[in-house]
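Trainee: I have a new model open and would like to go through it with you. Where should we begin?

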Amino acid sequence: MKELAGRLTALDPDAGAAVRVIAYFDRLSEARAGLEALVRGAAVLAGVPARLVDAERRVQVRVEADGTRRDSGVPPDPGWPTTALAPGGAAALWLERAEAAPSVVDAVILERAAGAVRLVLDRTRGRAPVDDPALVETVLDATAPEAARLHAARGLGLDPTASARALAPLGGRPRIVAGRADAVLPVGRVGVGPAVPVLDLSRSWADARTALRFTADGTAQDPGPEIVYADELGGIALLADLVAPGAEPPPDVRALEAAGAATPWLLGTLHAVVSTASLRAAAAEINVHHSTLQDRLSHAEHLLGWPLRTPQGRLRLQLALTMRHLARS
């Protein structure tokens with residue numbers, strides 16, 4: 001590597017310097033250097049202070065160009081050369097150089113240092129977002145050996161003695177979250193499995209996929225919750241086994257589909273009726289007068305063929321709306 005760097009320097013000084021940077025951080029990684037040593041390497045090679053800030057994992061390291069650690073509470077300047085620790089992530093590693101754009105060597109220093117820092121953080125503090133697809137798949141696989149699932153869980157930064165939840169986003173990769181799920185839920189329709197011990201996450205994943213079937217887009221033609229927690233479904237979850245996706249829907253669901261196609265306001269109105277405490281609350285929910293809601297319900301009863309203002313009729317309506325989600329998902 002040293003000979004290659006020398007040859008490249010004769011042809012292109014930046015290329016030679018870049019090769020030396022790569023070799024330097026490779027040696028630090030092989031020696032299993034810590035965060036401060038890596039940030040110090042970036043500062044010394046760049047000739048300017050370097051800093052690492054990973055707020056999610058509560059890591060902050062700043063080293064002067066002479067190798068002295070000197071942390072600072074002053075926020076990084078947006079104009080400094082910077083890079084994220086992972087593609088698409090937030091800026092986390094800076095070179096305190098007041099230039100509009102980094103040089104080729106600066107870019108290589110940032111890229112190699114960030115890669116080495118990421119490996120150290122993953123090894124010592126766990127990943128902040130639990131999103132390695134292969135490891136997540138292993139943890140959620142009920143057929144994988146227990147030892148493999150434990151190894152994958154540790155690789156994701158999960159505490160094997162704590163509990164976690166599986167998430168099933170519509171059209172997205174499965175995810176695992178520890179602690180409160182509502183703080184890290186992805187956008188869109190999501191089924192949330194129950195909190196279980198790490199070795200039981202395959203069960204949480206199965207329940208999350210079931211919960212996903214009860215979600216809706218939250219639109220006029222698909223009213224309902226975008227997020228459903230499996231442990232809040234109770235006995236309603238049993239409906240998922242009775243209504244197969246893509247099969248011929250039950251008669252009440254067919255009646256809803258026909259009525260909804262003919263009357264744009266109908267599905268949103270009926271969802272408000274079954275999801276609020278009273279008809280007056282339902283009228284307020286959809287922003288219509290109470291008398292208007294009564295007229296709408298009379299029309300809906302005519303289209304559907306059963307009463308909607310009795311306890312039995314509301315229960316039948318709620319089941320029909322729920323089965324409508326299950327039949328299409």
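Mentor: Let us begin with a term: a residue is buried when its relative accessible area is under 20%, and exposed when that area is over 50%. Please keep in mind that this is a predicted model.

Trainee: Understood. What share of the residues of the protein count as buried?

Mentor: Of the 329 residues, 43% count as buried. The accessible surface of the protein comes to about 16900 Å², and carbon and sulfur atoms hold 55% of that area.

Trainee: And how many helices and strands does the protein have?

Mentor: There are 13 helices and nine strands. As for contacts with a separation of 6 or more, 54% are between residues 24 or more positions apart.

Trainee: Let us look inside. How many residues are in the largest nonpolar core?

Mentor: The largest nonpolar core has 32 residues. Those with the most contacts inside it are Phe25, Leu38, Leu52, Leu95 and Ile109.

Trainee: Which elements each supply at least two residues of this core?

Mentor: They are the helices α2 (13-30), α3 (35-46) and α4 (104-124), together with the strands β1 (50-54), β2 (59-63) and β4 (91-95). The largest share, ten residues, comes from α4.

Trainee: What does Phe25 touch?

Mentor: Setting aside residues up to four places away in sequence, Phe25 touches Leu38, Gly41, Ala42, Leu45, Ile109, Arg112 and Ala113. Apart from this core lies another one, of 21 residues, with Ala255, Val274, Ala282 and Ala320 among them.

Trainee: Staying with strand β1 for a moment, is Asp54 buried or exposed?

Mentor: Asp54 lies in strand β1 and counts as buried because its relative accessible area is 9%, which is under the 20% cut-off. Beyond its neighbours within four places in sequence, Asp54 is in contact with Val59, Leu85 and Leu121.

Trainee: Then Gly191, please. Where is its place?

Mentor: Gly191 is in strand β7, residues 190-192. With a relative accessibility of 0%, Gly191 counts as buried. Its contacts, leaving aside neighbours within four places in sequence, are Ala166, Leu167, Ala168, Ala208, Ala211, Leu212 and Val228. The C-alpha atoms of Gly191 and Tyr229 are separated by 6.1 Å, although these residues are 38 residues apart along the chain.

Trainee: New topic: pockets. How much space lies in the second largest pocket?

Mentor: About 420 Å³ of space lies in the second largest pocket. It is lined by 17 residues, and the closest to its centre are Phe214, Pro225, His271, Gln318 and Thr322.

Trainee: Which elements give two or more residues to that lining?

Mentor: These are β9 (227-229), α10 (266-275) and α13 (311-328). Helix α13 gives the most, with four residues.

Trainee: How do the residues of the lining divide into nonpolar, polar and charged?

Mentor: The lining has ten nonpolar residues, six polar ones and one charged residue.

Trainee: Since α13 has come up, what about His325? Is it buried or exposed?

Mentor: His325 lies in helix α13. Its relative accessibility is 8%, so His325 counts as buried. Not counting residues up to four places away in sequence, His325 touches Arg213, Phe214, Thr215, Ala216, Asp222 and Pro223. Leu212 is 113 residues from His325 along the chain, and the two C-alpha atoms are separated by 9.6 Å.

Trainee: Now the backbone. Which sign of phi do most residues other than glycine have?

Mentor: Most have a negative phi. Arg32 has a positive value, near 55°, and Asn287 has a positive value, near 60°.

Trainee: Where do those two residues lie?

Mentor: Arg32 is in the loop between α2 and α3, while Asn287 is in the loop between α11 (279-285) and α12 (290-304). Arg32 is exposed because its relative accessible area is 56%. Asn287 is exposed as well, with a relative accessible area of 71%.

Trainee: One last residue: is Ala262 buried or exposed?

Mentor: Ala262, which is found in helix α9 (residues 251-262), is exposed because its relative accessible area is 59%, over the 50% cut-off. Between Ala262 and Leu303, 41 residues apart along the chain, the C-alpha separation is 9.4 Å.

How values were computed
Residues are numbered from 1 along each chain as its sequence is written. This is a predicted model: local features need pLDDT of at least 70, side-chain atom pairs count only at pLDDT 80 or more; totals for chains, interfaces and linings use all residues. Side-chain values use heavy atoms; hydrogens and water are left out. A nonpolar core is a set of buried Ala, Val, Leu, Ile, Met, Phe, Trp, Tyr and Cys residues joined through side-chain atoms within 4.5 Å. Buried means under 20% relative accessible area, exposed over 50%, partly exposed in between (1.4 Å probe, protein chains only). Contact means heavy atoms within 4.5 Å. On a 1 Å grid over the protein atoms alone, a cavity is a set of points where a 1.4 Å probe fits but cannot get out, and a pocket is an open set with protein on both sides within 12 Å along at least five of seven lines; lining residues have an atom within 4 Å of a point. Grid points are joined across faces, edges and corners, and a volume is the space filled by probe spheres set on the points. Ala, Val, Leu, Ile, Met, Phe, Trp, Tyr, Cys and Pro count as nonpolar, Asp, Glu, Lys and Arg as charged, and the others, Gly among them, as polar. Accessible areas come from the Shrake-Rupley method with a 1.4 Å probe; for residues, only the protein chains shown count as cover.
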